[in-house]
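User: I have a model open and want to go through it with you. Can we start with confidence and then look at the charged side chains?

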Amino acid sequence: MARGKIQIKKIENSTNRQVTYSKRRNGLFKKANELTVLCDAKVSIIMVSCTEKLHEYISPSITTKQFFDQYQKASGIDLWNSHYEKMQEELRQLKDVNTNLRRQIRLGDCLENVGFEELLDLERESQEAVYIIRERKLKVIGNKLETCKKKVRSAQDVYKKLMHEFDIRGEDPQYGLIEDAGEYEALYGYPPHMAAAPRILTLRLQPNHPNDLHAAASDLTTYALLG
């Protein structure tokens, strides 16, 4: 049963298009190889797919350069002349860039043939460059200095707050000094509700219990020295 005629147009489905490309490419390369063997022909095929992949075939009896040399000889077209001229132009541009860079690096060696006006222009440009660099450095130093001043002011504020709290505690009788030290004994302890924070407690002994620290809780008056 004969196959139906296929309409030659772009295959919209990307998967079908890639499959068709792969099958027909292999068929084309097979035909080229048969032509090379049967007819002793020199065949070269270069293909680039829609995915930018390169596929090529060339007869085993010849190289790619030899093939293009024969093509130039047979067609009378120089394929390499334009490419060579383009490479020469790129080389000339690179040499100019290299020369300019060397001139900038070795500026002192190029001042022998410089005129007076050019020297004045060079001096003015140097002064302007130095001024710009100095302004940038001063700006950076000023920013760092301002940052340090802010840190100092912040530390001073913290110090003032701490001193203020210290003065308030000094004025509070709860934190005052003990005048009659003979009636008090200090010990380190942990309050029941703050087991992890040590505090200093003072225990005032009643006259009827001068040396008994195990007296009843009602006989003791406790004052917190440190919060």
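Analyst: This is a predicted model. The protein has an average pLDDT of 76, and 69% of the residues score at least 70.

User: Where does pLDDT stay under 50?

Analyst: Residues 183-207 stay under 50, and the model has 53 contacts for them beyond four places in sequence. Residues 209-227 are also below 50 in pLDDT, with 34 contacts beyond near neighbours in sequence.

User: OK, new topic. Where is Arg25 placed?

Analyst: Arg25 is in helix H1, which covers residues 14-39.

User: Which side chain of opposite charge is nearest to Arg25?

Analyst: That is Glu56, 12 Å away. Arg25 is buried and has no salt bridge. With a salt-bridge cut-off of 4 Å between nitrogen and carboxyl oxygen, Glu56 at 12 Å does not give Arg25 one.

User: What does Arg25 touch, leaving aside its neighbours within four places in sequence?

Analyst: Met47 and His55. With His55 there is a side-chain polar contact of 3.0 Å.

User: How many salt bridges are there in the whole structure?

Analyst: The search finds 5. One of the salt bridges joins the side chains of Lys65 and Asp69, at 3.0 Å from N to O. Lys65 and Asp69 are 4 residues apart in helix H2, so about one helical turn separates them.

User: Are those two buried or exposed?

Analyst: Lys65 counts as exposed because its relative accessibility is 57%. Asp69 is at 29%, so it counts as partly exposed.

User: What span should H2 have at 1.5 Å a residue?

Analyst: Helix H2 has 12 residues (64-75), so it should span 16 Å; its end C-alpha atoms are 16 Å apart, which agrees. Gly76, just after H2, takes a positive phi of about 75°.

User: Back to salt bridges. Which residue forms one with Glu89?

Analyst: Arg92, with the closest N and O atoms 2.4 Å apart. Arg92 also meets Asp96 in a salt bridge, at 3.2 Å from N to O. Glu89, Arg92 and Asp96 are thus linked in a network of salt bridges.

User: How are these three spaced along helix H3?

Analyst: Arg92 and Glu89 are 3 residues apart in helix H3 (residues 80-105), so about one helical turn lies between them. Arg92 and Asp96 are 4 residues apart in H3, again about one turn.

User: What about their accessibility?

Analyst: Arg92 is partly exposed at 43% relative accessibility. Glu89 is partly exposed at 34%, and Asp96 is partly exposed at 37%.

Technical notes. Residues are numbered from 1 along each chain as its sequence is written. This is a predicted model: local features need pLDDT of at least 70, side-chain atom pairs count only at pLDDT 80 or more; totals for chains, interfaces and linings use all residues. Side-chain values use heavy atoms; hydrogens and water are left out. pLDDT is the predictor's confidence in each residue, from 0 to 100. Contact means heavy atoms within 4.5 Å. Helices (H or I, at least four residues) and strands (E, at least two) are DSSP runs, numbered from the N terminus. Buried means under 20% relative accessible area, exposed over 50%, partly exposed in between (1.4 Å probe, protein chains only). Lys and Arg count as positive and Asp and Glu as negative; His and the chain ends are not counted. A polar contact is a pair of N or O atoms within 3.5 Å; within protein, one must be able to donate a hydrogen and the other to accept it, and residues adjacent in sequence count only if both atoms are side-chain atoms. The expected span of a helix is 1.5 Å times one less than its number of residues.
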